[in-house]
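Student: I would like to learn how to read helix packing, a pocket and a single residue in a model. Where do we start?

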Amino acid sequence: YTEWGPFTYWLGAATGKLLGGLVPVHDGIRLSMALAVGILALSLRAAARVFYGREAASAVVLLSLGSLGLLVHAHEMQPQIVLLACVGVCLLGIAWLGERPALGALTAGCAAAAGFLSAGFLGLLLTLPLLLIGPMLQADTRHTVSPRHLLLALLPLALLGGGWLILLSIQVPD
């Protein structure tokens with residue numbers, strides 16, 4: 001239960017239910033991966049624009065979407081695709097810390113929680129260090145980000161991730 005969490009399957013069930021009348025249910029479920037790839041592309045573009053400027057933003061998206069590993073597996077129902085989108089949104093939250101620290105912290109925290117809910121401890125391993133160390137590596141956010149903002153970022157992670165583990169221990173105690 002903690003290796004691959006439920007978020008990918010919740011997302012697939014939601015898109016399958018929403019699009020069930022327009023397309024076959026299995027295609028609606030697979031469209032959740034297109035949604036995840038779209039979120040990845042938009043978040044990477046916005047983060048690259050903040051970090052490196054307008055010129056690099058499109059190149060980052062083209063390089064990431066053109067990678068063979070993503071190109072081959074983007075249409076398959078895999079938690080790794082959703083985890084990749086969560087890492088992209090976490091990077092976007094870190095990029096926003098300089099301008100809007102509270103929004104950036106909440107965005108990065110929600111992305112870390114979604115990463116944990118989609119890929120378990122692997123998702124946490126990929127997003128939590130970004131969340132904790134990322135603000136310290138940027139010169140413009142070192143002075144604007146306070147420990148209060150980092151605690152704000154950990155709040156969604158504790159509530160969503162901890163809540164899922166508590167519900168899981170109640171439903172399946174062993």
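**Helix packing, pocket, residue**

Tutor: In this predicted model, the axes of α1 and α6 lie 6 Å apart and the helices pack at an angle of about 95°. Since angles of 65 to 115 degrees count as roughly perpendicular, α1 is therefore roughly perpendicular to α6.

Student: Which residues in α1 and α6 meet?

Tutor: In general, two packed helices are described by the angle between their axes and the distance between the axes. The residues then fill in the picture: F7, T8 and W10 of α1 meet A114, L117 and S118 of α6. By class, this contact has 4 nonpolar, 2 polar and no charged residues.

Student: How many residues line the largest pocket, and which lie nearest its centre?

Tutor: The lining has 13 residues, and F7, I39, C86, V89 and A114 lie nearest the centre. The space in this pocket is about 170 Å³. At least two lining residues come from each of α1 (7-18), α2 (25-52), α5 (79-96) and α6 (101-137). The lining divides into 12 nonpolar residues, 1 polar and no charged.

Student: Now a single residue. Is L128 buried or partly exposed?

Tutor: Buried means under 20% relative accessible area, and exposed means over 50%. L128 has 23%, so it is partly exposed. This residue is found in helix α6.

Student: Which residues does L128 touch, leaving out those up to four places away in sequence?

Tutor: L128 touches L154 and L157. By contrast, L22 is 106 residues from L128 in sequence, and their C-alpha atoms are 38 Å apart in space.

Notes: Residues are numbered from 1 along each chain as its sequence is written. This is a predicted model: local features need pLDDT of at least 70, side-chain atom pairs count only at pLDDT 80 or more; totals for chains, interfaces and linings use all residues. Side-chain values use heavy atoms; hydrogens and water are left out. On a 1 Å grid over the protein atoms alone, a cavity is a set of points where a 1.4 Å probe fits but cannot get out, and a pocket is an open set with protein on both sides within 12 Å along at least five of seven lines; lining residues have an atom within 4 Å of a point. Grid points are joined across faces, edges and corners, and a volume is the space filled by probe spheres set on the points. Helices (H or I, at least four residues) and strands (E, at least two) are DSSP runs, numbered from the N terminus. Ala, Val, Leu, Ile, Met, Phe, Trp, Tyr, Cys and Pro count as nonpolar, Asp, Glu, Lys and Arg as charged, and the others, Gly among them, as polar. Axes are lines fitted to C-alpha atoms, for helices over the stretch in contact, and angles run from 0 to 180 degrees between N-to-C directions. Angles under 35 degrees count as roughly parallel, over 145 as roughly antiparallel, 65 to 115 as roughly perpendicular and the rest as oblique. Contact means heavy atoms within 4.5 Å. Buried means under 20% relative accessible area, exposed over 50%, partly exposed in between (1.4 Å probe, protein chains only).
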